[in-house]
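Please look through the structure shown below before reading on. The explanation begins with the sheet and then turns to a bound ligand.

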Amino acid sequence: MNNDKVILVTGGSGLVGKAIEWVINNDKGKFGSKEKEKWIFINSKDGDLRSMEATHAIFQKYKPTHVIHLAALVGGLFKNMKYKLDFLRDNILINDNILHSAHQYKVEKVVSCLSTCIFPDKTTYPIDETMIHNGPPHESNFGYAHAKRLIDIQNKAYNDQFGDKYTSIIPTNVFGPHDNYDLQDSHVIPGLLHKCYLAKKNGTPFIVAGTGKPLRQFIYSRDLAKLIIWALREYDEIEPVILSVSEKDEVSIKDVADSIVKALNFEGDYTFDTTKADGQYKKTASNEKLLKYLPDFKFTPFEIAIKESADWFIENYDNARTGNGKA
Ligand code: NAP
Ligand code: GFB
């Protein structure tokens, strides 16, 4: 019985995919590469996963035994608000093609990636894994949210009818090296890193969108990567698990902007554009289930993770995904 694992990582060129590749290649502890594991990182150049034919061709080529499914149409608040139908359709197509190909190629395990923004907007806090389907998500990202919720339904249907072992993890907002820094489409941390960098370079004001009051839990991509590798190797439930820092580490958008100003040594004007949307006020999630499994897991302190992310962005500005640089 050849128990070599062939692990296919979809979305391998993105923020989370690159972090998994970094941990596998650099972590000398329990999360790093292991014998009998072959890791394959793919991106859209390997094939458009919205096409069943292209997805099949990838499975035919690599014959994976395990899949970490990260590929998705992803974006921050403002991109989600603009393209709700694209977020719904593209992600439904990508997810269905991956899970059905995994079933047809008898893949032993799939770990898919959801997001805490898919939970009901009107809910009690902290949010936990049992609440996914308890009501409508926030208006700003219902397209993305319903497509992601469907993965949990698909996992349970494949397990119920065929016994397939497909599960999912639910990260909070993620940040780190190799992020998407497009000034319109990005998430808040890469967006503000780029804006503050340009404000410092051009001597212009640093403008944060919204009131700065909303609250978020942020996980460093390299911490998330370790937890996803753990989930692939050891997490045996079909039910999802939230991967997040604890509730006490929740910060405001103003705290985030202050940390970025400090990390980039910005001394210019710094204001808030309250004409811009705040989105969901908070989505405070419990990581109790995770800590039952990994009580000693060490998360990177927020300020250190922001500094490492800022340094990576400055060092790699010319090759980073900065979009067209227009706010
Ligand atoms: P990202 O940086 O935008 O990367 C997206 C990846 O998906 C890229 O490798 C991209 O390939 C690939 N991809 C997109 N559309 C594709 C298609 N049609 N066919 C094939 N590949 C395609 O995303 P990320 O932030 O790493 O997100 C990874 C996962 O984490 C996603 O499932 C996302 O929903 C989830 N998540 C992210 C966050 C966050 O804050 N970033 C929070 C919670 C959950 P190319 O590079 O070739 O385009
Ligand atoms: O990361 P973000 O775009 O998404 O953060 P969400 C949005 C918060 O940051 C809002 C404020 O309160 C914005 O007003 N903000 C301030 C900014 N300046 C900026 C900026 O320059 N760019 C951005 N993007 N925000 C997303 C979901 O929600 O969370 C996605 O829409 C995904 O589907 C992601 O799940 C993880 O946290 O509000």
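The paragraphs that follow describe the sheet, the helices on it and the surroundings of ligand 2.

This is a predicted model. Its open sheet consists of six strands with parallel pairing, in the order β2-β1-β3-β4-β5-β10. The edges are formed by β2 (37-41) and β10 (241-243), each of which pairs on one side only. On average, and with direction ignored, neighbouring strands of the sheet are turned by 20 degrees against each other.

Within this sheet, strand β1 (residues 5-10) runs parallel to strand β3 (residues 66-69), and four bridges join the two. Ile7 stands opposite His66 in β3. Helix α1 (residues 15-26) packs on the sheet, where it touches β2 and β3; the direction of helix α1 makes about 150 degrees with that of β2. Helix α2 (residues 52-62) also packs on the sheet and touches β1, β2 and β3. The direction of helix α2 makes about 155 degrees with that of β1.

Which residues come nearest to ligand 2? Of the 23 residues around this ligand, they are Cys117, Lys195, Arg216, Ala277 and Asp278. The shell divides into 11 nonpolar, eight polar and four charged residues.

Several polar atoms lie beside the ligand. An N or O atom in the side chain of Arg216 is 2.8 Å from an oxygen atom of ligand 2, and a polar backbone atom of Ser186 is 3.0 Å from a nitrogen atom of ligand 2. A polar side-chain atom of Asn141 lies 3.4 Å from an oxygen atom of the ligand. Taken alone, ligand 2 exposes 710 Å², of which the protein buries 97%. The elements α3 (77-82), α6 (188-202) and β7 (206-209) each give two or more residues to the shell.

Conventions
Residues numbered from 1 in each chain as written. Chains lettered and ligands numbered in written order. Predicted model: local features only at pLDDT ≥ 70, side-chain atom pairs only at ≥ 80, totals over all residues. Heavy atoms only, no water. Pairing = 2+ DSSP bridges. Axes fitted to C-alpha atoms, helices over the stretch in contact; angles between N-to-C directions. Contact = heavy atoms within 4.5 Å. Near = heavy atom within 4 Å. Polar contact = N/O pair within 3.5 Å; in protein donor to acceptor, adjacent residues only side chain to side chain. Areas by Shrake-Rupley, 256 points an atom, 1.4 Å probe, with all protein chains shown as cover. Nonpolar A, V, L, I, M, F, W, Y, C, P; charged D, E, K, R; others polar.
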